[in-house]
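Work through these exercises with the model open. Try each task before reading its solution.

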Amino acid sequence: MQDTVRGSDAAPPTSEDAGRLAEFEARIANGESIEPKDWMPERYRKQLVRMMSQHAHSEIVGMLPEGNWITRAPSLRRKMILLAKVQDEAGHGLYIYCGTETLGVSRDELVDQLLTGKAKYSSIFNYPTLSYADVGVIGWLVDGAAIVNQTVLAKASYGPYARAMVRICKEENFHKRQGYELVAHLANGTPAQRAMVQDAVNRWWWPSLMMFGPHDKDSPNSDDLLRWRVKRFTNDELRQRFVNLTVPQARAVGLTLPDPDLRYDEETKNWEFGPIDWSEFWAVVRGDGPCNRERLAARNKAHAEGAWVREAAAAYAAKHSRQEMAAD
């Protein structure tokens with residue numbers, strides 16, 4: 001793939017570059033999918049690597065907050081549901097890592113970036129799960145926010161990413177239903193259970209809104225992603241859709257969202273919400289959230305303890321390859 005990035009150290013664009021770029025953008029405008037062997041601008045490839053790797057990292061790190069409750073879930077049924085969900089998240093990370101590899105970056109490189117702290121993942125996973133009610137609220141709010149974003153990604157211009165999203169969205173919908181069912185159960189339970197789930201909502205509501213990223217005017221990557229149809233809607237548009245979907249769900253189970261400014265606008269048909277504390281968001285992104293260090297330490301520990309599995313798999317693959325060569 002030729003580099004079409006503009007910059008002080010970039011080579012001057014050639015007529016071939018310009019022609020290829022025009023053809024590429026015409027394909028995007030026509031709604032065609034871009035496949036791994038197709039020509040693409042280097043900026044497009046880099047934006048995809050950044051976005052897809054962050055998404056894959058988020059699925060893997062996202063196993064940690066809820067995985068913490070598998071052994072402490074209150075019944076065998078709840079344990080099985082939670083275990084299945086955490087396994088799904090591992091699979092989602094695998095799908096997206098595979099998709100990212102089609103862009104010419106190795107899995108080892110991506111994992112190393114995560115383990116060394118060079119790579120980013122969703123800020124939401126740097127918050128602690130303080131009670132079992134958090135499991136339900138994460139399924140309802142966090143996975144609900146993910147569905148709003150990922151349903152659109154199933155129509156992304158890059159084929160491998162879009163196709164991965166089709167299966168992921170189906171499983172995320174199950175996760176949201178499971179979470180909301182648990183939230184409704186607790187909301188209609190004892191006073192202590194109701195207080196527990198309301199406390200969880202109070203803690204997860206604002207971080208869930210931050211999941212969509214900064215306001216559009218503060219998002220340096222949105223213009224490229226929208227122009228090349230990796231994204232179809234802006235951060236603020238997706239955030240508003242999530243709020244509009246979630247407010248009626250909260251009311252249906254008698255829970256209060258922790259926003260005194262929340263009100264329905266008859267003219268726009270939107271639920272207007274209060275200002276987001278972006279200083280908290282950027283602090284977490286910089287690594288100063290409640291659990292940033294804990295999450296990275298857990299991933300590094302798991303990676304080190306799993307070295308023998310990777311070595312055994314590599315040895316088996318090498319042995320199998322030698323046997324095939326000998327047979328030929």
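The exercises below concern a predicted model.

**Exercise 1. Find the lining of the largest pocket and describe its make-up.**

Solution.
- Step 1: Start with the volume. The largest pocket holds about 1,200 Å³ of space.
- Step 2: Go to the centre. Of the 50 lining residues, Gln54, Tyr121, Ser122, Ser123 and Met211 are the closest to it.
- Step 3: Assign the lining to elements. At least two residues each come from helices H2 (42-61), H4 (76-101), H6 (133-153), H7 (159-187), H9 (222-227), H10 (235-252), H11 (278-288) and H12 (292-305).
- Step 4: Pick the main contributor. H6 gives the most, with eight residues.
- Step 5: Sort by class. The lining has 22 nonpolar, 17 polar and 11 charged residues.

**Exercise 2. Repeat the analysis for the second largest pocket.**

Solution.
- Step 1: The volume is about 410 Å³.
- Step 2: The lining has 16 residues. Tyr97, Val111, Arg299, His303 and Arg310 lie nearest the centre of this pocket.
- Step 3: H4, helix H5 (107-115) and H12 each give two or more residues to this lining.
- Step 4: H5 gives the most, with six residues.
- Step 5: By class, eight lining residues are nonpolar, three polar and five charged.

**Exercise 3. How many disulfides does a search of the whole structure find, and why does cysteine 98 not bond to cysteine 169?**

Solution.
- Step 1: Recall the chemistry. A disulfide joins the sulfur atoms of two cysteines by a covalent bond.
- Step 2: Set the cut-off. The two sulfur atoms must lie within 2.5 Å.
- Step 3: Check cysteine 98. The closest cysteine sulfur, in cysteine 169, is 17 Å away, so the pair is too far apart for a bond.
- Step 4: Read the total. The search of the whole structure finds zero disulfides.
- Step 5: Look at exposure. Cysteine 98 is partly exposed, with a relative accessible area of 35%. Cysteine 291 is buried, at 5%.

**Exercise 4. Place arginine 229 and lysine 269 in the fold, and give the sign of phi for arginine 229 and for lysine 269.**

Solution.
- Step 1: Locate arginine 229. This residue sits in the loop between H9 and H10 (235-252).
- Step 2: Read its backbone angle. Phi of arginine 229 is near 55°, a positive value in a non-glycine residue.
- Step 3: Add exposure. Arginine 229 is partly exposed, with a relative accessible area of 29%.
- Step 4: Locate lysine 269. The loop between strand S1 (263-265) and strand S2 (270-272) holds this residue.
- Step 5: Read the second angle. Phi of lysine 269 is near 65°, a positive value in a residue other than glycine.

Key: Residues numbered from 1 in each chain as written. Predicted model: local features only at pLDDT ≥ 70, side-chain atom pairs only at ≥ 80, totals over all residues. Heavy atoms only, no water. Helix = DSSP H or I, 4+ residues; strand = E, 2+ residues; numbered from the N terminus. Buried < 20%, exposed > 50% of the residue type's maximum accessible area, 1.4 Å probe, protein only. 1 Å grid on protein atoms, 1.4 Å probe; cavity = no way out; pocket = protein on both sides within 12 Å on 5 of 7 lines; lining within 4 Å. Points joined across faces, edges and corners; volume = space filled by probe spheres on them. Nonpolar A, V, L, I, M, F, W, Y, C, P; charged D, E, K, R; others polar.
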